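Got the viewer open? Here's a stop-by-stop tour: at each one, make the selection, then have a look at what's there.

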Amino acid sequence: MVTAGITTPAHEARANWVRLRTLILLRWLAILGQIAAILVADRFYGLELPLGLCFAAVALSVLANIFASTLFPENRRLSETEACFVLLFDLGQLWFLILLAGGLTNPFALLVLAPVTISASALQLRSTVTIGGVAILLVTIAAFWYQPLRFSDGRELVVPPTFAFGFWLAIVIGILFLGLYARRVATEIRSMSEALLATQMALAREQKLTDLGGVVAAAAHELGTPLATIKLVSAELIEELSDHPDLQEDARLIREQADRCRDILRDMGRAGKDDLHLRQAPLSAVLREAAEPHLSRGKRVEFILLSEDSTQPTILRRPEIIHGLRNLIQNAVDFARSTVWIEVDWSDSTVTLRIIDDGEGFPQNVIGRIGDPFVRARRAEPEAPQRPGYEGMGLGLFIAKTLLERSGAELTFANATDPFLPYEDRPARCGAVVEAVWPLADLLAPAAGALGENRRIED
């Protein structure tokens with residue numbers, strides 16, 4: 001599994017993904033199909049097959065299924081090696097039947113693609129290459145050494161050599177193409193699923209931090225009454241213990257500690273109430289909050305408000321926006337030489353944010369895939385101490401893109417020299433640029449009206 005703090009990509013650890021029950025069910029279907037094909041060929045088409053050997057091969061699969069069902073529980077998940085051997089067994093059993101029934105003149109030879117496709121979808125590359133290589137080898141053997149198909153009158157089923165070669169070539173190409181295709185699609189699905197899980201975890205963590213203020217305020221309120229009682233009783237004890245200096249000193253210590261607890265809870269309650277009421281904040285304050293963890297990492301971060309002549313909008317402090325912007329700013333600080341610019345502009349309908357750094361920029365060969373999980377987005381990776389908590393796997397940008405798009409933003413990744421950036425009236429810059437554009441209505445915070453109703457804050 002992949003999370004933001006784990007360095008090993010989950011798509012490299014796929015052990016125990018395949019259930020034994022799944023392969024057993026697939027094998028039962030294959031057994032039924034093989035029995036049906038043998039009986040139809042023998043009874044309806046009059047083909048002379050070595051029925052004893054054919055049914056012996058099918059019986060071997062039946063015994064393997066019975067053995068696996070009896071020895072292991074149905075919910076058993078196979079290891080990488082176990083799944084590979086199971087698929088190799090199915091491949092070998094099918095190849096033996098093909099040898100007994102005409103080799104590549106038998107159209108069912110195409111079924112050797114099934115184990116390769118399953119391996120490409122569920123196992124690691126090494127296992128897939130092994131099974132694919134064995135499949136190609138067995139198909140090649142079946143093209144030269146096999147039991148010819150004969151009719152009841154002794155005639156042999158013969159296909160033109162060109163057709164036989166074409167069928168062999170089609171199967172080999174099918175093994176390579178379907179294996180690559182299935183593996184690529186399965187890998188992308190797994191990567192996306194794991195990255196989305198990491199996104200959900202990050203959002204849940206940010207939401208817990210946002211809700212923590214409410215818990216603090218409630219605790220401060222609830223503990224206020226018992227602390228007041230302790231202080232009152234301790235004051236009475238101080239008066240009554242005037243003849244016992246040692247005990248009076250203990251009672252005075254109790255009152256002092258109660259006062260200290262009261263002050264601590266008062267500060268906590270004030271912070272909690274502030275957090276409860278600051279569900280909304282000016283746009284610049286939200287940007288500074290998102291950038292705060294990276295302001296002391298040795299790079300200069302400049303905030304530029306391009307619409308200072310109009311009233312700054314007040315927006316909701318949504319956890320997904322803060323966490324998404326924080327990841328983008330972290331990426332910019334990681335790769336900047338000295339400076340990161342955070343520009344924000346707004347109008348009556350949109351809010352536009354640009355995060356620009358003076359680094360080398362995004363490489364052109366991956367710029368179209370930035371935001372996908374497990375894509376290294378920059379040319380060079382600085383030393384680990386300069387990039388705490390970031391593994392350079394593309395997960396940070398993926399999480400940021402997913403969270404900000406959920407809030408209504410449209411993101412664009414480019415370099416400062418790309419033509420879409422209007423920098424004619426500003427100093428020339430180089431480096432990477434991330435632009436996020438929101439509809440203003442998606443960000444504006446509701447405000448209480450005169451009678452307590454909610455309204456939108458207008459400029």
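A charge counts as sitting over a ring if NZ of Lys or CZ of Arg is within 6 Å of the ring centre and within 35 degrees of the ring normal. Keep in mind as you click around that this is a predicted model.

**Stop 1: charges over rings**

Select Arg288 and Phe303. The charged end of Arg288 sits over the Phe303 ring, 4.3 Å from the ring's centre. For another case, pick Arg155 together with Phe151: here the charged end of Arg155 is over the ring of Phe151, at 4.7 Å from its centre.

**Stop 2: Arg326 and its surroundings**

Keep Arg288 on screen and add Arg326. Along the chain these residues are 38 residues apart, while their C-alpha atoms are separated by 9.6 Å. Arg326 belongs to helix H9, which covers residues 319-335. Is Arg326 buried or exposed? Its relative accessible area is 17%, and since anything under 20% counts as buried, Arg326 is buried. Now show Ala290 too: the side chain of Arg326 reaches the backbone oxygen of Ala290 at 3.2 Å.

**Stop 3: Arg317 and Glu289**

Next, select Arg317 and Glu289. They form a salt bridge, with the closest N and O atoms 2.6 Å apart. Arg317 is in the loop between strand E7 (314-316) and H9, and Glu289 is in helix H8 (residues 283-291), so the salt bridge ties together parts that are 28 residues apart in sequence. Turn on the surface and check each partner: Arg317 is buried at 14% relative accessible area, whereas Glu289, at 23%, counts as partly exposed.

**Stop 4: other salt bridges**

How many salt bridges does the structure hold? There are 10. Select Asp90 and Arg27, which make one of them, with 2.8 Å between the closest N and O atoms. This pair links distant parts of the chain: Asp90 is in helix H3 (residues 80-100) and Arg27 is in helix H1 (residues 20-43), 63 residues apart. With the surface on, Asp90 comes out as buried at 18% relative accessibility, and Arg27 is buried as well, at 8%.

Then pick Arg43 and Asp42. Their salt bridge has its closest N and O atoms 3.5 Å apart. Arg43 is exposed, with 65% relative accessibility, and Asp42 is partly exposed at 25%.

For something beyond a pair, select Glu343, Arg354 and Glu435, which are linked in a network of salt bridges.

**Stop 5: aromatic pairs**

Time for rings. What is the count of aromatic pairs, taking rings with centres within 6.5 Å of each other? It comes to five. Select Phe144 and Trp145: the ring centres are 6.0 Å apart and the planes meet at 55°, so this pair is tilted. On the surface, Phe144 is exposed, with 61% relative accessible area, and Trp145 is exposed too, at 62%.

Move on to Phe177 and Tyr181. This aromatic pair is stacked, with 5.9 Å from centre to centre and 25° between the planes. Both residues lie in helix H6, four residues apart, which is about one turn of the helix. That helix runs over residues 161-240. Tyr181 counts as exposed, with a relative accessibility of 51%.

**Stop 6: the nonpolar patch**

Leave Phe177 and Tyr181 selected and add Phe165, Leu169, Ile173, Leu178, Val185 and Ile189. Together these residues make a nonpolar surface patch of about 770 Å².

**Stop 7: Val129 and Ser407**

Select Val129, found in helix H5 (residues 125-142). Val129 is exposed, with a relative accessible area of 53%. Add Val116: the two residues are 13 residues apart along the chain, with 8.7 Å separating their C-alpha atoms.

To finish, go to Ser407, in the loop between helix H10 (395-406) and strand E10 (410-415). Ser407 is buried, at 3% relative accessible area. Show Leu404 as well: a polar atom of the Ser407 side chain lies 2.6 Å from the backbone oxygen of Leu404.

Key:
Residues numbered from 1 in each chain as written. Predicted model: local features only at pLDDT ≥ 70, side-chain atom pairs only at ≥ 80, totals over all residues. Heavy atoms only, no water. Patch = residues over 30% accessible without salt bridge, like charges linked within 9 Å, V, L, I, M, F, W, Y side chains within 5 Å. Areas by Shrake-Rupley, 256 points an atom, 1.4 Å probe, with all protein chains shown as cover. Salt bridge = Lys/Arg side-chain N within 4 Å of Asp/Glu carboxyl O. Helix = DSSP H or I, 4+ residues; strand = E, 2+ residues; numbered from the N terminus. Buried < 20%, exposed > 50% of the residue type's maximum accessible area, 1.4 Å probe, protein only. Polar contact = N/O pair within 3.5 Å; in protein donor to acceptor, adjacent residues only side chain to side chain. Phe/Tyr/Trp six-rings, centres within 6.5 Å; stacked < 30°, edge-to-face > 60°.
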